[in-house]
Amino acid sequence: MFHRFKKKLLIFVLCVFQSSFLSQLLYASTISPIQDTKSPFDATRNLVSTANTPLILSPILEIPVEHQGKEAELYAFALVNNVLYVKDSVSWEYFDNQIPSMGGVTLETQQGFDLFNGDLPVYQLQVFYGYRLLEDPYSFYGNSFKVTISEVARQLQDMLDNAIKPSAEIKEGIPGAVLALTIPGEGEWIGTAGYADVANQIPMEVDHRMRIGSITKTFTAMLILQLVEEGKLSLDDSVDKWLPGMVEDIVDTPMSGKDITVRQLLNHTSGLSNFVYDMDWTMNYYNEPTKQYTPEELVKMTLVMPDGTFPDGTKYTVPLSQPGEEWNYSNTGYILLGLIAEKVTGNTWESEIENRFIKPLGLTNTYVPKTGESDIQGKHAIGYWNMFDETEHTPGFEDVLVERTLTDPSYTWASGNMISTADDLNRWITAIGEKDLLKFEVEEQQFTWFPVAPVVKMGLGITEELLYATYAHRGQIGGFDAVMHYEIDLKIPITTMINRSLTNLTPYNVSLIITYNALDIIKNLPVGTTMTRSRHIQ
């Protein structure tokens with residue numbers, strides 16, 4: 001709606017600014033632009049994102065008939081966190097006792113105002129924009145809008161800023177983080193902290209892409225479930241039905257692909273070990289990030305793997321269990337699911353993920369890299385890790401935080417190679433949580449649970465975490481860590497992404513700490529409640 005707020009504006013100006021400013025605003029026909037000043041975008045960076053508020057970027061005023069055809073000057077000024085800025089024809093500048101015009105125009109039926117080119121991270125923002133008729137220097141016609149970030153959003157941002165700081169456990173801290181969620185009654189909120197690129201001091205932003213690791217499994221699982229729904233395969237089909245002879249000669253056991261079902265691959269009860277425990281794969285992963293593997297090679301190294309020791313020191317035998325008896329996380333199982341999907345559809349796993357999910361859901365910052373694409377496309381964060389910590393203080397690795405962005409997609413393929421943003425992952429976990437992707441019969445199977453721990457149950461490609469009754473999945477890969485949840489009762493999607501991997505610092509998993517603390521804030525609980533309860537229960 002068009003408003004004439006001349007009196008309101010004059011009172012506002014008189015209360016805040018010197019009379020010299022008022023006289024320049026009302027009488028000057030030409031005012032030179034202010035030079036060498038910072039824009040509000042720089043001045044307020046990394047406070048609070050207003051992505052949860054519809055910010056008018058290019059509003060259009062409807063011009064009254066009696067003003068059409070008249071000459072006018074356009075103006076815009078803003079209070080950003082109680083600091084005044086004015087706009088010339090190009091950019092916003094600090095107020096310095098002058099106010100430039102955005103330009104002279106002959107008014108027509110409508111008049112557009114190019115105010116902002118993107119989201120403006122602020123606590124409070126109030127903008128006035130409009131025009132002054134040259135024939136009436138005391139006039140000012142236009143509109144205004146105001147954005148005030150809630151106390152909940154402020155608490156979330158403060159928590160996020162504190163979470164990435166260095167600590168006794170994580171001495172370098174976390175380079176950068178993104179937290180995306182829905183605040184009940186307010187809408188979407190996305191906050192950032194720290195840097196996407198430490199060396200070049202590039203702040204983390206909401207559209208910086210990062211690797212999502214094992215969250216990829218949720219896409220692979222949904223593909224398989226849709227194929228089940230389409231009648232093209234069954235959850236009770238054996239691996240050998242679709243990949244005859246591929247899973248045979250498992251070391252020291254008569255078990256084969258004839259004994260393992262699709263369902264068991266999905267919920268990690270196949271008994272198969274994990275190719276990431278293969279020492280050659282591990283050392284290549286650390287030292288040769290652009291090396292390439294075929295899916296068949298990843299499966300083969302699992303089958304011939306000898307008995308060994310888990311990262312926590314627990315010894316294991318191969319296979320880890322008989323099919324269906326125990327839960328043991330296996331990336332290899334999802335490599336097999338990717339191969340089964342290709343066999344069933346006749347298409348590549350990558351193309352099926354893109355055509356079924358990425359395009360239809362509008363996940364514009366999500367993609368499946370192909371073998372040989374070791375870097376991340378487009379605008380992305382640099383990944384970091386401390387190899388000394390990652391390898392549990394193995395001699396020969398420096399105790400220093402270094403970049404790790406390159407990783408060839410073939411290292412993890414259908415089990416963990418995708419790339420996305422927090423905003424896109426929120427859209428994805430919402431589609432899962434609101435059960436938009438499957439019909440009831442198969443969906444019911446997806447949410448059939450296998451016990452994993454006192455507070456965690458495993459479904460088909462998704463977990464249920466009992467502390468907050470959330471559907472969830474986490475992804476860790478060299479240089480990055482991501483976790484997405486869907487709080488069932490309040491229907492809150494929440495995703496945290498950081499550009500540092502902390503694989504072997506399990507008690508200090510920052511992405512989970514941020515997520516749980518955010519849920520505490522939203523539920524008006526003391527921050528840390530969930531983490532304390534989690535440690536107590538376990």
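Student: In this predicted model, why are helix α9 and helix α10 called oblique to each other?

Tutor: Helix α9 (residues 295-303) packs against α10 at an angle of about 140 degrees, and their axes are 10 Å apart. Angles over 145 degrees would count as roughly antiparallel and those from 65 to 115 as roughly perpendicular, and the angle here fits neither range, so α9 and α10 are oblique.

Student: Which residues make the contact of α9 with α10?

Tutor: From α9 come P295, E296, L298, V299 and T302, and from α10 come T332, I335, L336 and L339. By class, these residues divide into 6 nonpolar, 2 polar and 1 charged, and the crossing of the two helices is left-handed.

Student: What makes α5 oblique to α10?

Tutor: Helix α5 (residues 216-229) and helix α10 (residues 331-345) pack at an angle of about 40 degrees, with their axes 10 Å apart. Only angles under 35 degrees count as roughly parallel, and the roughly perpendicular range begins at 65, so α5 is oblique to α10.

Student: Which residues of α5 and α10 make this contact, and how do they divide by class?

Tutor: The contact is made by K217, T220, A221, L223, I224 and L227 of α5, together with N331, Y334, L337, G338, A341, V344 and T345 of α10. By class there are 8 nonpolar, 4 polar and 1 charged residues; G338 is among those in the contact, and Gly counts as polar.

Student: Why is the pair of Y285 and Y411 called edge-to-face?

Tutor: The ring centres of Y285 and Y411 are 5.6 Å apart, which is within the 6.5 Å needed for a pair. The planes of the two rings make 65 degrees, and because planes over 60 degrees apart count as edge-to-face, the pair takes that name. The structure holds 21 aromatic pairs.

Student: What parts does the pair of Y285 and Y411 tie together?

Tutor: Y285 lies in helix α8 (residues 279-287), whereas Y411 lies in the loop between β16 (401-403) and β17 (419-420), so the pair ties together parts that are 126 residues apart in sequence.

Student: How do you know that β9 and β10 pair?

Tutor: Strand β9 (residues 176-183) and strand β10 (residues 187-197) are joined over 8 bridges in the antiparallel sense, and since at least two bridges are needed, they count as paired. One of the bridges links L181 with W189 in β10.

Student: What makes β11 and β18 the edge strands of the open sheet of 9 strands?

Tutor: The order is β11-β10-β9-β23-β22-β21-β20-β19-β18, with antiparallel pairing, and β11 (202-203) and β18 (450-453) each pair on one side only.

Terms used: Residues numbered from 1 in each chain as written. Predicted model: local features only at pLDDT ≥ 70, side-chain atom pairs only at ≥ 80, totals over all residues. Heavy atoms only, no water. Helix = DSSP H or I, 4+ residues; strand = E, 2+ residues; numbered from the N terminus. Axes fitted to C-alpha atoms, helices over the stretch in contact; angles between N-to-C directions. Contact = heavy atoms within 4.5 Å. Phe/Tyr/Trp six-rings, centres within 6.5 Å; stacked < 30°, edge-to-face > 60°. Left-handed = near helix turned anticlockwise from the far one by under 90°.
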